[in-house]
Amino acid sequence: MTQAQSGRSAFITGGSRGIGYATAEALLRAGYQVTVTSRKEDEIRAAAASLGESGQVRGEVCDVRDFEAVQSAIDAHVLAFGGLEVLFVNAGLGHFAPVQDLTPEQWSEVIGTNLTGAFFTVKAAIPALSRAHGYVILLSSLAGKNPFAGGSAYNASKFGMNGFSEAIMLDLRPLGIKVSQIMPGSVATHFGGHTPTEQDAWKIQPEDLAQVVLDLLEMNPRTLPSRIEVRPAQPPRK
Ligand SMILES: NC(=O)c1ccc[n+]([C@@H]2O[C@H](COP(=O)([O-])OP(=O)(O)OC[C@H]3O[C@@H](n4cnc5c(N)ncnc54)[C@H](OP(=O)(O)O)[C@@H]3O)[C@@H](O)[C@H]2O)c1
């Protein structure tokens, strides 16, 4: 029996669009019950409604920068679905500017969402994941190993996320919880206010990363790919 066939559930931060939404679609198709979150009530309600029936998918307004809100959303998920097997730590954003122009508010929003939000999400879910011998999958970035000009806050958040992921992999492995981080390059989403068009066909598509998540969940329980880098196979020539 695969994990999906045994009635399991997944909690996805940042599931109103992009990679989180595509992963919710794939997990629902695989038989998981799913909670998706975002900060905006209208968008998360619309996303949940288009993803499927209310018994299978729940939409929660939840800002990952607010620990109490994250804990309530995880507790509500466990109550609704009877447990939690998969945590997809995906919510993220970026502000890009030379450090001399970056504001303290932009810095705090990026670090608070991408890094502290990841800690809050994992922290709130550990008891349920421990009971289930579950799986934490963190959506990091190649920006977590390749710095670029204008990326000080985003690079710092994703470099930090990589260190966090690898440390908690060691903490949680003895509890029977697997931890993997996925580090993609360019993905065709609305990240940073971008609108995907046919010009983005060369990029990784959100459903490609959803497939990586499914592949990790299907991996033999004895084996743990802890760090997965994903690139476009044919980037445009410079
Ligand atoms: N696109 C890329 O090229 C790329 C490459 C590598 C890694 N990534 C990473 O992939 C992840 C997903 O991004 P995406 O490309 O799918 O972007 P996206 O389309 O902009 O989706 C981001 C999601 O995160 C949610 N979100 C943002 N801040 C949040 C907060 N404080 N609390 C809860 N939810 C929040 C957004 O919903 P609301 O705005 O409604 O809250 C949205 O659902 C991010 O961690 C990003 O850093 C993206």
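This section describes the fold, core, ligand surroundings and selected residues of a predicted model.

The model is predicted, and the protein chain averages a pLDDT of 96, with 97% of the residues scoring at least 70. Confidence is low at the N terminus: over residues 1–5 the pLDDT stays under 50. For this stretch the model has 9 contacts beyond four places in sequence.

The protein chain contains 6 helices and 7 strands. Read from the N terminus, these elements follow the order β-α-β-α-β-α-β-α-β-α-β-α-β. Along the principal axes, the C-alpha atoms occupy a box of roughly 50 × 40 × 35 Å. The radius of gyration of the protein chain is 17 Å, which agrees with the value near 18 Å that a compact globule of 238 residues would have. Of these 238 residues, 43% count as buried. When contacts between residues at least 6 apart in sequence are considered, 67% of them join residues at least 24 apart.

The largest nonpolar core comprises 56 residues, among which Leu87, Ala125, Val136 and Leu209 touch the most other members. Helix H4 provides the largest share of this core, 9 residues. Ala125 is itself located in helix H4 and counts as buried because 26 C-beta neighbours lie inside 10 Å, where 20 or more suffice. With residues up to four places away in sequence left out, the contacts of Ala125 are Phe11, Ile74, Leu84 and Leu87; Leu87 is also named among the core members that touch the most others. The C-alpha atoms of Ala125 and Arg173 lie 15 Å apart, at a separation of 48 residues along the chain. For Leu209, the contacts beyond four places in sequence are Ile19, Ala22, Thr23, Ile182, Pro184, Val187, Ile204 and Val230.

The surroundings of the ligand consist of 31 residues, of which Gly14, Gly18, Ser38, Arg39 and Gly92 come nearest. By class, this shell has 17 polar, 8 nonpolar and 6 charged residues. Helix H1 (18–29), strand E2 (33–38) and helix H4 (104–132) each supply at least two residues of the shell. Helix H4 thus appears in the description of the ligand shell as well as in that of the largest nonpolar core.

Several residues outside the helix H4 core contribution were also examined. His133 is placed in the loop between H4 and strand E5 (135–139). Its phi is near 50°, a positive value in a residue other than glycine. Most residues other than glycine have a negative phi. His133 counts as exposed because 12 C-beta neighbours lie inside 10 Å, and 12 or fewer is the condition for that class.

Gly185 belongs to the loop between strand E6 (178–184) and helix H6 (206–218). With 15 other C-beta atoms within 10 Å, Gly185 is partly exposed. Beyond four places in sequence, Gly185 is in contact with Leu142, Ile204, Val230, Arg231 and Pro232. Ile204 and Val230 are also among the contacts of Leu209. The C-alpha atoms of Gly185 and Lys203 are 8.2 Å apart, with their positions 18 residues apart along the chain counted as their separation.

Ala46 lies in helix H2 (residues 41–51). The residue is partly exposed, as 14 other C-beta atoms lie within 10 Å. Ala46 and Val64 are 18 residues apart in sequence, and their C-alpha atoms are 19 Å apart in space.

Towards the C terminus, Arg237 is found in the segment after strand E7 (227–230). Arg237 is exposed, because 4 other C-beta atoms lie within 10 Å and the class extends to 12 or fewer. Between the C-alpha atoms of Arg237 and Tyr135 the distance is 37 Å, at a sequence separation of 102 residues.

Conventions. Residues numbered from 1 in each chain as written. Predicted model: local features only at pLDDT ≥ 70, side-chain atom pairs only at ≥ 80, totals over all residues. Near = placed C-beta within 6 Å. Helix = DSSP H or I, 4+ residues; strand = E, 2+ residues; numbered from the N terminus. Nonpolar A, V, L, I, M, F, W, Y, C, P; charged D, E, K, R; others polar. Rg over C-alpha atoms; globule rule 2.2 N^0.38 Å. Contact = placed C-beta atoms within 7 Å. Core = buried A, V, L, I, M, F, W, Y, C linked by C-beta atoms within 7 Å. pLDDT = per-residue confidence, 0-100.
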